[in-house]
Amino acid sequence: MSTSSDWHREDIKAAIRKTGATLRSLSQDAGYHHSAGNQTLMRPWPAMQAVIAQRLGLRPQEIWPSRYLQSGDPKPGGMAAYRKAIRARRVAADQIERAA
């Protein structure tokens, strides 16, 4: 599925505010850094997606269908793939710097 079927980030934030919470409070209550909720709006983070969905009384797949397989399992990758890509970019930048 395409990301156009995912909820818009502002709609997610508004829905959370309507429950009396904020992304920041949900993140901290779940034991994550205060920015975890905002990060989840930009890239897959299954654990935090579950926290947000639970607060809204939904399943994560209903909010982010593009991030899940037909079986309901998160698509491979997520934050681990993102972190791996960041590390690879840092290594490449270090190698370029050393070569200069």
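A residue is taken as buried when its relative accessible area is under 20%, and in this predicted model buried residues account for 32% of the 100 residues of the protein chain. The chain exposes about 6,600 Å², of which carbon and sulfur atoms supply 52%. Its secondary structure consists of 6 helices and 0 strands, so that the order of elements from the N terminus reads α-α-α-α-α-α. Among the contacts between residues at least 6 apart in sequence, 46% join residues that are at least 24 apart.

The largest nonpolar core comprises 16 residues, and those with the most contacts inside it are Ile-12, Ile-16, Ile-52, Ile-63 and Trp-64. Helices α1 (9-18), α2 (23-29), α3 (36-42) and α4 each contribute at least two residues to this core, and the largest share, 4 residues, is supplied by α4. Trp-64, when residues up to four places away in sequence are not counted, touches Asp-6, Ile-12, Thr-40, Leu-41, Gln-49 and Ile-52; of these partners, Ile-12 and Ile-52 are themselves listed with Trp-64 among the core residues with the most contacts.

Helix α4 was examined further. Its buried residues are Met-48, Gln-49, Ile-52, Ala-53 and Leu-56. Viewed down the axis of α4, these buried residues fall within an arc of 140 degrees, and they therefore line one face of the helix. The cover over the buried residues of α4 includes α1, α2, α3 and α5 (60-63). Just after α4, Gly-57 adopts a positive phi of about 70 degrees.

Among the buried residues of α4 is a glutamine, Gln-49, which is found in the helix spanning residues 46-56. Gln-49 counts as buried because its relative accessibility is 0%, where the cut-off for burial is under 20%. The side chain of Gln-49 is joined to that of Arg-67 by a polar contact of 2.7 Å. Leaving aside neighbours within four places in sequence, the residues in contact with Gln-49 are Thr-40, Arg-43, Pro-44, Pro-60, Trp-64, Arg-67 and Tyr-68. Arg-67 thus appears both in this set of contacts and as the partner of Gln-49 in the polar contact between side chains, while Thr-40 is in contact with Gln-49 and is also touched by Trp-64.

Charged pairs were considered next, and the count of salt bridges comes to 2. In one of them, Glu-10 pairs with Lys-13, with the closest N and O atoms 3.1 Å apart. Both residues of this pair, Glu-10 and Lys-13, lie in helix α1, where they are 3 residues apart, or about one turn of the helix. Glu-10 counts as partly exposed because its relative accessibility is 38%, and Lys-13 is likewise classed as partly exposed because its relative accessibility is 23%; the partly exposed class lies between the limits of 20% and 50%. The other salt bridge is formed by Glu-62 with Arg-59, the closest N and O atoms being 3.7 Å apart. Glu-62, at 38% relative accessibility, is also counted as partly exposed. The acidic residues of the salt bridges, Glu-10 and Glu-62, are therefore partly exposed, whereas Gln-49, with its polar contact to Arg-67, is buried at 0% relative accessibility.

Terms used:
Residues numbered from 1 in each chain as written. Predicted model: local features only at pLDDT ≥ 70, side-chain atom pairs only at ≥ 80, totals over all residues. Heavy atoms only, no water. Buried < 20%, exposed > 50% of the residue type's maximum accessible area, 1.4 Å probe, protein only. Polar contact = N/O pair within 3.5 Å; in protein donor to acceptor, adjacent residues only side chain to side chain. Contact = heavy atoms within 4.5 Å. Core = buried A, V, L, I, M, F, W, Y, C linked by side-chain atoms within 4.5 Å. Areas by Shrake-Rupley, 256 points an atom, 1.4 Å probe, with all protein chains shown as cover. Salt bridge = Lys/Arg side-chain N within 4 Å of Asp/Glu carboxyl O. Arc of directions from axis to C-beta.
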